[in-house]
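Dear colleague,

I am passing a structure on to you, and I would be glad if you could look through it with the notes below beside you. The notes begin with one pair of helices and then move outward to the rest of the chain.

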Amino acid sequence: MASTRGRVLTLLQDGEVWSGQELARQLNISRTAIWKHIETLKQDGYAIHTIPRKGYQLLEQSDRFDEPAFASYRKGRFGQIVHAFDQIDTTQRIAHELAQQHVPEGTLVMSEEQTAGRGQLGRNWYNPKHVNIAASVILRPELPIRDASKLTLMAASAFAKALNARDLDVTIKWPNDLLLNGKKIGGVLTEMQTEGDRIQAVILGFGMNVNGDDIPTELAHRATSLYLETGTRYHRSELLAELLAELETEYDRFLDVGFAPVRLNWMKHAAYLNESVTLSGSRTSRTGVMRGISDEGALLLEVDGTVEPVYSAESAVWND
C-alpha cells in the first residue's frame, strides 16, 4: 500500500489544480491532514504551488527518487511495500535483512545513493547520488535451487525489453550486463536465501546509469549513461516503475510456463551473438564463438566445431 503522501502525489501528477476538499474526499482523510502532507512534500523538494481559495498544483515533474514519487507511477504488485533511503551502503544488504523478517514478495528497497554497491563477483558498482537507479526487490519463487540462476537472465531480458519499449536499443552481454551502443548502462545481481533444498528468498538487485554526465575516466571506455547516449533526462521513479512492471510480467510468465520464453527474449536482445569471445575462470580460459544460451541458461560456446555449455566465468572478453 502506498503511503498517503504517495497517494496525494499521484493525484497531483496531472498538473491540474486540486482543491483540498477534493483531495480529502478522494483519500478519505481530513483537509488538515491533506495540508500537512502537502507541506511535507514541499519540504522534500516537490514544486507544489498553493493557490489561495483554489487548492494545490504540482508545477513540474521533478526527478525525485523516493517512495511518494515511485508510488505515483507504480503499475503492479512489485513495490507495493517500499523502503526508500537517501544514502545507504547497499540496497542488497537491507533487502536481505527484510527477507529474513518474512516481508511479502515484491518488497522494494531503493536509494538515491549507494556507497558500497556491488556487481557480480563482488565488483564495485559506481553509483553517485541523484542521477542513477539503485534498487533491490525481494522474490519468493517456487523453484528448485538449480533454477535460481535463470532469474538473472530473466531480469536482464525483462529490463532490456522495457528499455526497448522506450526506443532504446539496449542489448544484453552475458549473463547480466545491459549495454547501450556497446557500453554498459546497468546490471543485475541475484542472491539467494535458502533453507535445506528450498529457496526462501531471492534478492534481485539492479543498478542503472540514468542521468549521469560524468563517467570516471577509468570506466569511460566501457560504461555510459542513458543521458550521455541520448541527450535526454529521465524521471528515474517513472523508469523504475516501468522496469518493475516488465520484471513482474516476465517473472510471472517464467513461473507459469518455464524458461523457454525467457530464453527467446534474451536471445532477441543478446549482444555479441555469433561473435568470438574469451571466457576466463580462476584456472583456465577458453576462446570460442558465442551461439546463445541453452534451455538451462548456460552460455553456448562453440570451440573447434563443438558447442559446449558454460555456466559461469569470471570474465568474458569479446574479441575484435
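**Helix packing around α6**

Helices α6 and α9 are oblique to each other, since they pack at an angle of about 55° and the angle counted as oblique here lies outside the ranges under 35, 65 to 115 and over 145 degrees. Their axes are 9 Å apart, and the crossing of α6 and α9 is left-handed. On the α6 side the contact is made by L153, M154, S157, A158 and K161, and on the α9 side by V262, N265 and W266; by class, these residues divide into 5 nonpolar, 2 polar and 1 charged. Please bear in mind throughout that this is a predicted model.

Helix α6 (residues 150-164) also meets α8, and here the axes come within 8 Å and cross at roughly 130°, so that α6 and α8 are likewise described as oblique to each other. The crossing of α6 and α8 is right-handed. From α6 the contact includes K150, L151, M154, A155 and A158, among others, and from α8 it includes L239, E242, L243, E246 and L247. In this contact of α6 with α8 there are 12 nonpolar and 6 charged residues, and no polar ones.

**The seven-stranded sheet**

An open sheet is formed by 7 strands in the order β3-β4-β5-β9-β8-β7-β6, with mixed pairing. At its edges stand β3 (82-88) and β6 (170-173), and because each of them has a single partner strand, one side of each is left without a neighbour in the sheet. On average, neighbouring strands of this sheet are turned by 20° against each other, with direction ignored. Within the sheet, strand β4 (residues 108-114) pairs with strand β5 (residues 133-139) in the antiparallel sense over 3 bridges, and V109 stands opposite S136 in β5.

Two helices that pack on this sheet can be described together. Helix α5 (residues 91-100) touches β3, β4, β5, β8 (183-195) and β9 (198-208), and its direction makes about 20° with that of β5. Helix α8 (residues 236-257), already met above as a partner of α6, touches β4, β5 and β9, and the direction of α8 makes about 30° with that of β5.

**The other strands**

A further open sheet has 5 strands in the order β13-β12-β11-β10-β14, and its pairing is antiparallel. Its edge strands are β13 (306-310) and β14 (315-318), each of which pairs on one side only, while the twist averages 45° from one strand to the next. Strand β10 (residues 276-280) pairs with β14 over 4 bridges in the antiparallel sense, and T278 stands opposite V317 in β14.

Strands β1 (residues 48-51) and β2 (residues 55-58) pair in the antiparallel sense over 4 bridges, with H49 opposite Q57 in β2. They form a hairpin with 3 residues between them, and R53 in the turn has a positive phi of about 65°.

**The chain as a whole**

The protein chain contains 9 helices and 14 strands. Its radius of gyration is 21 Å, close to the 20 Å that the globule rule gives for 320 residues, and the chain is therefore as compact as a globular protein of that length. Along its principal axes, the C-alpha trace spans about 80 × 45 × 30 Å.

With kind regards

Key:
Residues are numbered from 1 along each chain as its sequence is written. This is a predicted model: local features need pLDDT of at least 70, side-chain atom pairs count only at pLDDT 80 or more; totals for chains, interfaces and linings use all residues. Side-chain values use heavy atoms; hydrogens and water are left out. Two strands pair if DSSP finds at least two bridges between them. Axes are lines fitted to C-alpha atoms, for helices over the stretch in contact, and angles run from 0 to 180 degrees between N-to-C directions. Contact means heavy atoms within 4.5 Å. A crossing is left-handed if the near helix is turned anticlockwise from the far one by less than a right angle, and right-handed if clockwise. Ala, Val, Leu, Ile, Met, Phe, Trp, Tyr, Cys and Pro count as nonpolar, Asp, Glu, Lys and Arg as charged, and the others, Gly among them, as polar. The radius of gyration is taken over C-alpha atoms; the globule rule is 2.2 Å times the number of residues to the power 0.38.
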